[in-house]
Amino acid sequence: MPPSDGLYSASSPVVTLTPHALSTATSRGSAVLVEYYSAWCGHCQHFQPTYEAIAASAKAALPSLLVGAINCPSHEAACAEAAVGSFPTLVLYARGQRHVYSGGEDEASILAWAREKLPPPADGTPAEAAEATPPPPRREEGKLLPRVPIVPVPTQDIITAARQSLLEVANARLVATKQVNSELANTESHKDGLGALLGWLRALHYQLPREWDGGATAASVAELQAMLHGRLTVPKRAEWLQMLDRVNAGEANRKHEWVLCNSSNPQLHAYPCSMWLLFHSLVEHSTETTAMTTLDAIVGYVIHFFGCEECATHFAAMAATREYSLRTMSERGGRERAALWLWHAHNVVNLRLAAAPDKALAEFAKGEWPATAECAACKKVTLSHHGAKPSVGWDRKQVSQYLSLAYCLEPRFECWRELQERRLARPAAEAELSHATGLTLVAFAVFLLLACGFHLRGGGGKKKKSDHVV
Ligand SMILES: Cc1cc2nc3c(=O)[nH]c(=O)nc-3n(C[C@H](O)[C@H](O)[C@H](O)COP(=O)(O)OP(=O)(O)OC[C@H]3O[C@@H](n4cnc5c(N)ncnc54)[C@H](O)[C@@H]3O)c2cc1C
């Protein structure tokens with residue numbers, strides 16, 4: 001049986017895609033042929049067997065190509081964004097480029113066209129393997145592209161960041177000699193760097209995901225903790241690097257591969273990007289009672305060891321007032337408050353970078369996270385009682401839930417149970433939510449219409465009274 005809203009059944013060689021699945025596949029470097037269609041269009045119905053034959057042939061002839069379809073009436077926004085003007089439209093996404101097909105609608109022509117656009121496999125390398133490492137995102141002339149969202153975030157980036165964070169300790173400008181200004185450090189234990197390092201290792205030990213690498217990184221961290229036992233200062237660079245080698249966490253053991261955070265210059269973009277993902281996920285994986293300690297460990301790590309000095313200075317300034325901001329938050333649990341504080345701090349950085357992008361460094365467009373397209377429920381419209389303009393703000397409860405969705409990665413963590421409970425309760429909650437959001441948006445639209453109509457008739461300010469009389 002075909003799915004109720006589409007032409008292609010679960011057993012069809014054509015994969016029914018969602019826009020999210022498509023962006024995930026393309027961000028991972030997969031080549032994807034997409035038919036944007038409408039199930040009610042007769043032309044698309046006639047084309048269905050041809051497209052299924054193309055998908056079946058591609059499995060053998062072009063094994064690296066994913067052949068999928070998106071039913072536009074179910075995903076209007078995505079089809080509008082893809083500039084689909086007629087049905088069916090065939091688009092091939094390969095190596096960061098987008099090709100729209102305009103030839104004949106027969107199997108041979110379409111397959112020949114796709115074959116021509118696909119990257120040639122390297123000598124003796126199967127096409128599948130040639131595409132295993134995602135290419136860095138392309139930047140159009142003068143235009144910054146957004147990072148493709150992946151929810152939940154890829155564990156690979158988090159483990160890579162954790163391993164890189166250990167190496168960065170060796171490069172840190174503060175190691176061994178640092179006397180941190182107590183105003184910035186905020187707590188005594190951060191003053192010498194050793195407290196910060198021990199706190200960071202503790203956070204990694206308890207809050208790192210373990211399934212992706214079989215717990216290898218967490219085990220290396222535990223060994224480092226044991227080696228540092230009884231020490232009074234942070235080891236000097238050479239000794240630290242030897243320790244990393246002994247626990248298999250040295251440079252030789254690290255793969256520089258990111259997924260969501262892939263970039264043309266990992267030291268500038270992928271590394272800080274993945275550190276953010278790691279920080280958010282460590283907080284999310286904390287318990288109610290350890291979340292604030294995890295947040296302190298993150299602050300300590302950034303101040304002492306994070307590779308970008310300017311970033312550390314800005315972050316430390318925000319962190320210096322964190323006790324006050326955390327106290328003023330009304331959220332219930334320690335974890336929720338810590339997660340929201342870090343989310344807010346990250347958004348402050350995003351907005352600062354959005355306002356003044358550094359042309360030499362900027363590779364991705366910055367903005368507040370999550371975007372409305374990722375989490376519409378995270379935004380709320382507030383209507384004032386006094387007739388002032390409605391304003392759009394954050395629904396922190398929804399943001400907190402979206403943070404869990406993005407950053408809670410394994411069943412062994414407390415957040416997972418809550419995530420499952422919410423998933424079970426979701427259909428009813430979603431119905432309520434969409435009803436409530438719908439009503440608010442309708443109210444907002446009515447308000448705008450009235451305001452607009454009024455404005456067009458010349459309303460506003462002092463003229464209001466006489467216009468009304470006329
Ligand atoms: C602690 C810290 C401080 C920094 N300070 C500076 C600075 O002062 N100046 C500077 O130029 N660069 C700074 N950076 C680097 C900068 O923030 C980016 O990390 C870098 O520019 C790469 O950006 P990106 O586009 O990959 O996205 P990033 O901002 O790195 O975000 C990575 C991913 O995190 C998710 N995300 C985005 N915002 C949020 C949020 N609010 N909550 C949860 N998840 C979110 C998204 O999935 C996004 O793709 C800092 C980095 C860190 C870790």
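**Exercise 1. Place E52 in this predicted model and decide whether it is buried, partly exposed or exposed.**

Solution. Start with the element: E52 sits in helix α2, which covers residues 42-61.

Next, the neighbour count. E52 has 19 C-beta neighbours inside 10 Å. The buried class begins at 20 and the exposed class ends at 12, so E52 comes out as partly exposed.

Then look at what E52 touches. Leaving out residues up to four places away in sequence, its contacts are S12, P13 and V14.

One distance to check on your screen: the C-alpha atoms of E52 and G68 are 9.6 Å apart, with a separation of 16 residues along the chain. Keep G68 in mind, as it turns up again below.

**Exercise 2. Work out the strand order of the five-stranded open sheet and say which strands stand at its edges.**

Solution. Go through the pairs one by one.

- β1 and β3 (residues 65-71) run parallel and are joined by two bridges. Here V15 stands opposite G68 of β3.
- β3 also pairs with β2, again parallel, through seven bridges. L33 has V67 in β3 as its bridge partner.
- β2 and β4 run antiparallel, with five bridges between them. E35 faces L90 of β4.
- β4 and β5 are antiparallel too, over four bridges. A94 stands opposite Q97 in β5.

Chain these together and you get β1-β3-β2-β4-β5, an open sheet with mixed pairing. β1 (15-16) and β5 (97-100) each have a single partner strand, so they stand at the edges and one side of each lacks a neighbour in the sheet.

**Exercise 3. Explain why β2 is described as largely enclosed, and find the helices that lie against the sheet.**

Solution. First the burial: six of the seven residues of β2 are buried, so the rest of the structure largely encloses this strand.

Now the helices. α1 (residues 19-27) lies across β2 (31-37), β3 and β4 (89-94), and its direction is at about 160° to β2. Helix α4 (residues 107-117) packs on the sheet as well, touching β2, β3, β4 and β5, and makes an angle of about 25° with the direction of β4.

**Exercise 4. Find the backbone oddities: a positive phi outside glycine, and the cis peptide bonds.**

Solution. The background is that most residues other than glycine have a negative phi, and most peptide bonds are trans.

Take phi first. The β4-β5 hairpin has two residues between its strands, and R95 there takes a positive phi near 50°. N248, which isn't a glycine either, has a positive phi of about 60°. N248 lies in the loop between α10 (237-246) and α11, and its 15 C-beta neighbours inside 10 Å make it partly exposed.

Now omega. The bond from V151 to P152 is cis, with omega near -5°; P152 belongs to the loop between α5 (127-130) and α6 (155-171). Another cis bond joins W369 and P370, with omega about -5°. P370 is in the loop between α15 and β6 (379-382).

**Exercise 5. Describe how α8 and α9 pack.**

Solution. Begin with the geometry: α8 (residues 194-207) and α9 (residues 216-228) pack at about 150°, and their axes are 9 Å apart. The crossing is left-handed.

Then the residues. From α8 come L198, L201, L204 and H205, meeting A218, V221, A222, L224, Q225 and L228 of α9. Sorted by class, this contact has eight nonpolar and two polar residues, and no charged ones.

**Exercise 6. Characterise the shell around the ligand: which residues come nearest, which helices contribute, and what is the chemical make-up?**

Solution. Of the 23 residues around the ligand, P272, C273, C311, F364 and W369 come nearest. W369 is also a member of the cis bond to P370 from Exercise 4.

For the helices, α11 (270-284), α13 (309-320) and α15 (334-355) each give at least two residues to the shell.

For the chemistry, the shell splits into 15 nonpolar, six polar and two charged residues.

**Exercise 7. Summarise the protein chain as a whole.**

Solution. Count elements: 18 helices and seven strands. Check burial: 31% of the 470 residues are buried. Finally, among contacts between residues at least 6 apart in sequence, 69% join residues at least 24 apart.

Notes: Residues numbered from 1 in each chain as written. Predicted model: local features only at pLDDT ≥ 70, side-chain atom pairs only at ≥ 80, totals over all residues. Pairing = 2+ DSSP bridges. Contact = placed C-beta atoms within 7 Å. Axes fitted to C-alpha atoms, helices over the stretch in contact; angles between N-to-C directions. Near = placed C-beta within 6 Å. Nonpolar A, V, L, I, M, F, W, Y, C, P; charged D, E, K, R; others polar. Left-handed = near helix turned anticlockwise from the far one by under 90°.
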